Structures are given as structure tokens and as C-alpha cells.
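Biologist: Please take one part of this model and look at it closely. Start with the pocket, then walk me through the charged side chains and the buried spots.

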Amino acid sequence: MALRNIRVEGDPILRKRCREVEAVDDRLSILISDMIETMYDADGVGLAAPQVGILKRVVVIDVGEGPVIMINPEILETSGSQTGQEGCLSVPGKFGIVTRPMYVKAKAYDLDMNEIIVEGEELMARAICHEIAHLDGDLYIDHVEGELMDAVAD
């Protein structure tokens, strides 16, 4: 496993639509392992493949319950709404107020290309929406209510 460089806002790859994954091979397995390690190293709760320069429909998320790998994810259902702070590893040092669904149900594939259903509320719902949006070149800063704000260092 290796840390990957996280692309930052302004990099044109972050605005491109990602390609579907046809099969999981060794290269994709390594990419996913690297993405998880990179996400943890950067103290993130999610990371999408384009954020590390790869235009494939892959996201990893961990809101504190262990990593969730989603290949070719697709949102099936949403309900409710929540408005709160959101940041992104590709927009370092900033956050903004964004409204997302309170509940999300998504379909994706696991490492064995078996279909899985991933459901989440609150932070997990926010993370699913945020990361899947990356796969279509959509960044949270496009949806900020008001201005981007500077994050305060711990």
C-alpha cells in the first residue's frame, strides 16, 4: 500500500466524469487499498478515485465504522434533509454549509463485483452524496450556501 497524492481544486481531473469499472483486477485492488490508506492519513471520511487522479467510479468511506468500498455506486433513494458544515480533502483548509439528504440508499459493487446496498443517515448520507458527486466532476463548493470559510487548525 502507498499514499497517493490528493488532487486539489483547480486540477481539471476533478471536473471530469469517471468511467465505469468493468472488473476488479490487481491494479484496482491496489488503488482501493491506497485510497483507504490515503484517506486515513489525511484524516478524511471519504475519498473518490478522481481525487487521486484516477477516472474510475470508485469511492471509499469511513465514518468511524470501518471502511466501505463502493464500486460503480448509484444513489437509489434519498429522504429528509440536513444542512451543515462540509469540507473536502481536495479543498484543503476550507469548509462550507451544504444541504444534503438525511438518509441515502445506494447500490454499488464490492471487491468481488457482488452488488451491495449501502444505507446511511446523517454523516454517512452526507459522505455518500459527496463522494458519488466527485465521480461526475461535481464538488461540494458548487453547492455551498453562502461563502467558503477557513477551517481553524486543531
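Modeller: Two elements, β4 (82–86) and α2, each supply at least two residues of the lining of the largest pocket. The helix α2 gives the largest share, five residues. In total, 24 residues line this pocket. Those nearest its centre are D43, G44, G87, C88 and L89. The volume is about 560 Å³. Keep in mind that this is a predicted model.

One of those central residues, G44, leads us to an acidic side chain. G44 is in contact with D62. So are M39, Y40, V45 and P67, leaving aside neighbours of D62 within four places in sequence. D62 sits in the loop between β2 (58–61) and β3 (68–79). Is D62 buried or exposed, and what is the nearest side chain of opposite charge? D62 is buried, and it has no salt bridge. The nearest side chain of opposite charge belongs to R126, 15 Å away. A salt bridge needs a nitrogen and an oxygen within 4 Å. D62 does have a polar atom close to the backbone: its side chain comes to 2.7 Å from the backbone nitrogen of G64.

Other acidic side chains do find partners. The model has ten salt bridges. Take D142 and R15. Their closest N and O atoms are 2.6 Å apart. This pair links distant parts of the chain, 127 residues apart. D142 is in the loop between α2 (123–134) and β8 (149–150), while R15 is in the segment before α1 (26–41). How accessible are the two? D142 is partly exposed, with a relative accessible area of 41%. R15 is also partly exposed, at 39%.

A second pair joins R17 and D136, with N to O at 2.1 Å. Here too, distant parts of the chain are linked: R17 lies in the segment before α1, D136 in the loop between α2 and β8, and 119 residues separate them. R17 is exposed, because its relative accessible area is 56% and the cut-off for exposed is over 50%. D136, at 34%, is partly exposed. This pair is part of a wider group. R17, E20, R57 and D136 are linked in a network of salt bridges.

A third pair connects two strands. D150 and K94 form a salt bridge, with their closest N and O atoms 2.4 Å apart. D150 lies in strand β8 and K94 in strand β5 (residues 94–100), so the pair ties together parts that are 56 residues apart in sequence. D150 is exposed, at 52% relative accessible area. K94 is partly exposed, at 33%.

Now go back to the segment before α1, where C18 lies. Why does C18 count as buried? Its relative accessibility is 5%, and buried means under 20%. Which residues is C18 in contact with? Leaving aside neighbours within four places in sequence, they are P50, I54, L55, K56, R57 and L135. One of them, R57, also belongs to the salt-bridge network with R17, E20 and D136. Another, L55, is 37 residues from C18 in sequence. In space, the two C-alpha atoms are 4.4 Å apart.

To recap, D62 is buried without a salt bridge. R17 and D136 meet in one, and C18 is buried in the segment that also holds R17.

Conventions
Residues numbered from 1 in each chain as written. Predicted model: local features only at pLDDT ≥ 70, side-chain atom pairs only at ≥ 80, totals over all residues. Heavy atoms only, no water. Helix = DSSP H or I, 4+ residues; strand = E, 2+ residues; numbered from the N terminus. Buried < 20%, exposed > 50% of the residue type's maximum accessible area, 1.4 Å probe, protein only. Lys, Arg positive; Asp, Glu negative; His and termini not counted. Polar contact = N/O pair within 3.5 Å; in protein donor to acceptor, adjacent residues only side chain to side chain. Contact = heavy atoms within 4.5 Å. 1 Å grid on protein atoms, 1.4 Å probe; cavity = no way out; pocket = protein on both sides within 12 Å on 5 of 7 lines; lining within 4 Å. Points joined across faces, edges and corners; volume = space filled by probe spheres on them.
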